[in-house]
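Me: Could you take a careful look at one part of this model with me, and then follow it into the part that it meets? I am in my first year, so please connect each step to the one before.

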Amino acid sequence: MILGLYNYWIVVVLMMIGLYIIIAHGNLIKKIVGLNIFQTSVFIFYISIGNVEGGTAPIWGEGITLYSNPLPHVLILTAIVVGIATTALGLALAVRLKEAYGSIEEDDIQAMDDQKTDNKHC
Amino acid sequence: MLAHLPILQVIVPLLAAPTCLILRKPSLVWLFTLLASASAFVISILLLQQVMAEGTLIYELGGWSAPWGIEYRIDKLNAFLALIISGVSTVVLLAAHTSLEKEIPQDRQTLFYILYLLSLTGMLGIVTTGDAFNVFVFLEISSLSAYALIALGKDRRALWASFQYLIMGTIGATFILIGIGLMYQMTGTLNMADLASRLPEVPQSRTLFTAYAFFIVGVCLKLALFPLHLWLPNAYAYAPSIVTAFFAATSTKVAIYLLIRFTFSVFGVEFSFSVLPLETLFLALGLLGIFVASTTAIYQNNVKHVFAYSSVAQIGYMIVGFSMATSAGLTATLLHLFNHALMKSALFLALGAVVYRIGSAELNDFRGLGRQMPLTMTAIVIGGLSLIGIPLTVGFVSKWVLVVAAIENGWWPVAALILLGSLLAVVYVWRIVETAYFKTPEPGRKPVKEAPITFLAPVWILVSANIYFGIDTRLSVEVAQAAAESLFGVSP
């Protein structure tokens, strides 16, 4: 019973891995990779809920009576596109950050910002 | 034509965005953007009139009937929100051309307007659509363009703020997506009205609870509920002034709309407030937000930061109203939503005028501005008074309604705390007033001229709106009340 729902377990595990990477890693590229893993887990989740046991792909043909629900699959195509746009934008920002700060480490960037504000106080 | 208004509300800015690419010349693009935003504003006025007179409007996209097709469902609540968004967007845009001269290089200005229109499209889309997945798509349209808009700020810290917002915002949006997925799994529908009728019939299982929890956390990230507000202050402080004025008035409001829509019309107030301890949770977080954010605002040295933290505090007031789960409390939330949009757009736009003249929003550089930019500073003072909640300004109206709602609910201590929170606003507004009027500018600083008329006009339109709706509350209170009551009437 528990193993039968293994796809949902994969979703949960991937989701946690993704979130952990976003929170624990200071490298901006790694953060984006984490974000991607996190989003991918949701894609798998949507694909899982559309699946019908024993059903075929939802393509019309002779003798096909049982097929998977195509709607969640279509929905997730949209979400994948959104995910790609987010990744592209995130990477573009990382490039600009590298140009502006000379680093893509969260700690370095934060330190440089703090320094700048401290100087102003003096 | 009139029958197609609900879709035109979204399509007009959406199609205007790529058209900007053809026009190319920044001043032309600006005029065109202004025109598109103004037509969205006119459409929202017409829609609100129609909804107030005839009740909910239903528009089926492409003629496919719901729940198979996507429908746009305009009721009092979303007509009200669309009016706020398109109205603020239009007035703020009036100043855009002047403000961008100093803040964004010529060759990027066209792109700025495109992003601005897309962001407007996204927000209007979220409030008009009646389909849960459509909400997610529009949410991402508005968020992605928002990240890019914030990154256009001059300071390099804008990039960092934008990146942080991107991470937090995407986590929030993905949580919302998970919530919507679970709702679909339980009911097999994505249409909000259909969801509302089917959700009570499905077993009250843990899945449903998880769906609601994911959705709420995602939305709270987007609306910058304390303590999920960390992305907001820097994003507002380093974004171009026009962007800040627009977003401060609209983007968090859209998230509050989603919170209200899904809590009251989709899940129903009985479900929402019984599965999660929303009453205590939101009351506590709202009050904490008011006090922590207001106190932080007092210690900021950048005026944009002051008002950004104050925004987090004001969201606290809206959440306190929400947590009452009464029609009066919700009216207060909606009213404050409207009023706060007026105050913050006026304040941030006036700050934009200051930045235009002195190139900085540091409190120290405000010394002597009271005499040098009298009209702009008066606008900031009136905006500040409104923030505090002085009678004859909109801030007073919504605080009054909120306090009355709290007392009606028997929450005396809460009413007292709300008033105490206003005192903190007095402190941070006073710091700005003191610096601008009673301190002399650094010796040797070049004299500062008053902001140009292109800035003063929109700022004063917003300031007069602050005063007008503070005196003549018929429109705002009536609509907010009608919207709140309809939510309680409809909810199962």
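**From chain A into chain B**

Reply: In chain A, the part to begin with, 44% of the contacts with a separation of 6 or more are between residues that stand 24 or more positions apart. Please keep in mind that this is a predicted model, for which the predictor gives the complex an ipTM of 0.92 and a pTM of 0.92.

Chain A is built with 4 helices and 0 strands, and if you read its elements from the N terminus on, they run α-α-α-α. Its radius of gyration is 21 Å, whereas the globule rule gives 14 Å for 122 residues, so chain A is more spread out than a compact globule. The box filled by its C-alpha atoms, taken along the principal axes, is roughly 80 × 30 × 20 Å. When burial is counted residue by residue, 25% of the 122 residues of chain A are buried.

A single residue can make this easier to picture. A:Ile17 belongs to helix α1 of chain A, which covers residues 6-24. Around A:Ile17 there are 14 other C-beta atoms within 10 Å, so it counts as partly exposed, since a buried residue would need 20 or more and an exposed one would have 12 or fewer. From A:Ile17 to A:Lys98, which is 81 residues away along the chain, the C-alpha atoms are separated by 26 Å.

The next step is the place where the chains meet. Here 26 residues of chain A are in contact with 22 residues of chain B. On the side of chain B that touches chain A, the elements that give two or more residues are α6 and α7 (157-187) of chain B, and α7(B) gives the most, with 14 residues. By kind, the residues on this side of chain B divide into 14 nonpolar, 5 polar and 3 charged.

One of these elements, α6(B), deserves a closer look. Helix α6 (residues 132-151) has the highest mean pLDDT among the elements of chain B, at 93, while helix α12 (residues 269-275) of chain B has the lowest, at 80. Chain B as a whole averages a pLDDT of 89, and 99% of its residues score at least 70. With 20 residues at 1.5 Å a residue, α6(B) should span 28 Å, and this agrees with the 29 Å between its end C-alpha atoms. In α6(B), 20 of the 20 residues are buried, so this helix is largely enclosed by the rest of the structure.

Burial leads on to the nonpolar core. The largest nonpolar core has 229 residues, and those that touch the most other members are B:Phe80, B:Val92, B:Ile150, B:Ala346, B:Leu349, B:Ala350 and B:Val459. Leaving aside residues up to four places away in sequence, B:Phe80 touches B:Leu48, B:Leu334, B:Val479, B:Ala480 and B:Ala483. B:Val459 appears again among the buried residues of α20(B), including B:Phe455, B:Trp460 and B:Phe469. Helix α20 of chain B (residues 453-471) has 19 residues that should span 27 Å at 1.5 Å a residue, and its end C-alpha atoms are 26 Å apart, which agrees.

The loops of chain B finish the picture, and one general point helps in reading them. Most residues other than glycine have a negative phi, and most peptide bonds are trans. B:Arg24, in the loop between α1 (5-23) and α2 (26-54) of chain B, has a positive phi of about 60° although it is not a glycine. With 9 C-beta neighbours inside 10 Å, B:Arg24 counts as exposed. B:Ala224 also has a positive phi, near 60°, and its place is in the loop between α9 and α10 of chain B. B:Ala224, however, is buried, with 27 other C-beta atoms within 10 Å. The loop between α9 (206-222) and α10 (232-238) of chain B also holds B:Pro227, which a cis peptide bond joins to B:Phe226, with omega about 0°.

A further loop, between α13 (278-298) and α14 (303-323) of chain B, holds B:Asn301. This residue has 14 C-beta neighbours inside 10 Å and counts as partly exposed. Leaving aside residues up to four places away in sequence, B:Asn301 touches B:Glu362 and B:Leu363.

Key
Residues numbered from 1 in each chain as written. Chains lettered and ligands numbered in written order. Predicted model: local features only at pLDDT ≥ 70, side-chain atom pairs only at ≥ 80, totals over all residues. pLDDT = per-residue confidence, 0-100. Core = buried A, V, L, I, M, F, W, Y, C linked by C-beta atoms within 7 Å. Contact = placed C-beta atoms within 7 Å. Nonpolar A, V, L, I, M, F, W, Y, C, P; charged D, E, K, R; others polar. Rg over C-alpha atoms; globule rule 2.2 N^0.38 Å. Expected span 1.5 Å × (residues − 1).
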